[in-house]
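Reader: I should like to learn how domains, a ligand shell and buried elements are read from a model. Could we take them in turn?

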Amino acid sequence: MSKQILSVKQIDKRFKGVHALKGIDFDLNEGEVHALVGENGAGKSTLMKILTGIYEKDSGEMHYLGKLYHPHGPKQALQMGIGIIHQELNMMDHLTVAQNIFIGRESMHKSGLFLDEKAQNQRAQALFDRLNMNIDPSELLGNLTVGMQQMVEIAKAVSHDLKVLILDEPTAALTNTEIDELFTIMRNLSKQKVAMIYISHRMDEIHRITNRVTVMRDGEYIGTRDTDKVTKEEIIQMMVGRVIYEDPKQKSNVEDGAQVVLKVSNLHAGKMVKDVSFELRRGEILGFSGLIGAGRTETVRALFGADKIESGTIEINGKPALIKTPRDAVEHGIGYLSEDRKRYGLCTGLSVIDNSIMATYESYQKYSFMQQGKMRKVAQQFSEAMKIKTPSLEQLVVNLSGGNQQKVVIAKWLIKNSDILIFDEPTRGIDVGAKSEIYHLMNELAKEGKSIIMISSEMPEVLRMSDRVIVMCEGRITGELDISEANQEKIMAFATMNN
Ligand SMILES: Nc1ncnc2c1ncn2[C@@H]1O[C@H](COP(=O)(O)OP(=O)(O)OP(=O)(O)O)[C@@H](O)[C@H]1O
Ligand SMILES: [Mg+2]
């Protein structure tokens, strides 16, 4: 039998208006990877924050290495060997990669008076070499993509000497290749007897990397199983109380001869967008596939006026469109749900209702009074449609679970009712049940005649939603597939076709 190193019993936690954890039991063995799954708002992150001393439990007991365990803060937990990679990136954009990794334990110059940047960068480089990551330690963190930032977080956590590593949705921002790298790192840690708690909404990963799986629902403990004795469908059933099928789309829903609403020709923007041309039709869901760094986000940012276009043309409904700022794009009927909700999508210090109507604020203004009732009604309607889990519409977004924050961003753009919607990783961090709801909403929008560009790193999502798939690699479009001929192998072949 493996040695148990951590156990929690009957943990209870309340926030104002929310009973987040209702008597949770959980235990962890040396060297195992233990999946923790459950719908958005089930209480996974809250439990992990209690384990790492960020939150105080209301009641219950924790044991670690055979002793009663009661951390007084994350620093103490870390010193005792329990570290966490958080769901939300929380590093400093204005510091370098190496500075972020070694914050609080900087390499000092011999005199002890000032920082030895060179030594610190070398330390970071050695760490990256060991982990097989290709990242420049002296780069400013803010210049990296979200996926790369996540890899830095992982490197940072691994650089500590840990007995327990908690990974709260580490792969939400990663694509297949990076996930493979992460899993290699995790297998090595497991050999060194590090125990890991692994939170993910990507159900396919559970069987690839975990030994056991614990399911939570609505703050309650549902059960624990050996991973090899349970199917994906059974896990989903435990999570959401019903079976959900994820079938790929068989054929395009776009009508023959549907009008071209957007035509992009020979677009060049920065290093990551090279000679990009494509068309989007009325009622079409156009999937953009590719690896991290393929230039998909950069392409839609240029299209949305968020980054400067160097050359190329954009036509909307057959007419040339000059888009220099996001405001121009919005005026042309384009909505953009960004991949990085924290940076561009949300004001987390504002309420659910304020965030929901943010993109449409002006339409609620009448003689300089805000039409509160109307605002509330619309926000209420979308919050219900998307099953946003919140005690009230006045709740600050910062207090919602990660997945529910993402739902608020989606609601914001759905309320805006744009003709062309760009969704960049729309279901990142969203549970399987809510995903189905969002897919349903997207299909409804397409049926109404809206056109959607969907960037997604999740292959099942691309194959399930798209009418047509465009594949990018290193800033160029390398392939285009009708959904009837698309499959994972063909997409991967285009995604790695360097030219
Ligand atoms: N600081 C807080 N203040 C108030 N409520 C909170 C706070 N933190 C979490 N909650 C609430 O506690 C519940 C559990 O949230 P938690 O973040 O643990 O969910 P989760 O399982 O991690 O979900 P997700 O998959 O979306 O990340 C939610 O209803 C959430 O809104
Ligand atoms: Mg969470």
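Author: The dialogue below treats the domains, the ligand shell, a strand unit, a helix and one residue.

Author: This is a predicted model, in which local features need pLDDT of at least 70 and side-chain atom pairs count only at pLDDT 80 or more, while totals for chains, interfaces and linings use all residues. Residues are numbered from 1 along each chain as its sequence is written, and chains are lettered from A and ligands numbered from 1 in the order in which they are written.

Reader: Which domains does the domain assignment give for the protein chain?

Author: Domain bounds come from an automatic or database domain assignment. Here that assignment gives domain 1 (4-81 + 161-240) and domain 2 (260-495). Their C-alpha centres lie 31 Å apart. The contact between them takes 19 residues from domain 1 and 17 residues from domain 2, two residues being in contact if their C-beta atoms, placed from the backbone, lie within 7 Å.

Reader: Which helix gives the most to the side of domain 1 that touches domain 2?

Author: Helices (H or I, at least four residues) and strands (E, at least two) are DSSP runs, numbered from the N terminus. On that side of domain 1, H8 gives the most, with three residues; helix H6 (176-191) and helix H8 (232-240) each supply at least two. By class, the side comprises eight nonpolar, seven polar and four charged residues. Ala, Val, Leu, Ile, Met, Phe, Trp, Tyr, Cys and Pro count as nonpolar, Asp, Glu, Lys and Arg as charged, and the others, Gly among them, as polar.

Reader: Where does ligand 1 lie with respect to the domains?

Author: A residue is near a molecule if its C-beta atom, placed from the backbone, lies within 6 Å of it. Both domain 1 and domain 2 give residues to the shell around ligand 1, so the ligand lies between them. Of the 20 residues around ligand 1, Asn40, Ser45, Thr46, Ser401 and Gly403 come nearest. Strand E2 (18-29), helix H1 (44-51) and helix H14 (402-416) are the elements giving two or more residues to this shell. The shell has five nonpolar, 12 polar and three charged residues.

Reader: Is strand E19 mostly covered or uncovered, and how many of its residues are buried?

Author: A residue is buried if 20 or more other C-beta atoms lie within 10 Å of its own, exposed if 12 or fewer, and partly exposed in between; C-beta atoms are placed from the backbone. Strand E19 (residues 420-424) is mostly covered, with five of its five residues buried. Ile420, Ile422 and Asp424 point one way, and Leu421 and Phe423 the other.

Reader: Which strands are joined to E19 by bridges?

Author: Two strands pair if DSSP finds at least two bridges between them. Four bridges join E19 to strand E16 (residues 334-337), in parallel, and isoleucine 334 has isoleucine 420 as its bridge partner. Five bridges join E19 to strand E20 (residues 451-455), also parallel; aspartate 424 is partnered there by isoleucine 455. E19, helix H15 (residues 432-447) and E20 make a right-handed β-α-β unit: with the strands pointing away from the viewer, the path from the first strand over the helix to the second runs clockwise.

Reader: Why does arginine 281 count as partly exposed?

Author: Arginine 281, in strand E12 (residues 273-281), counts as partly exposed because it has 19 C-beta neighbours inside 10 Å. By contrast, eight of the eight residues of helix H9 (residues 296-303) are buried.
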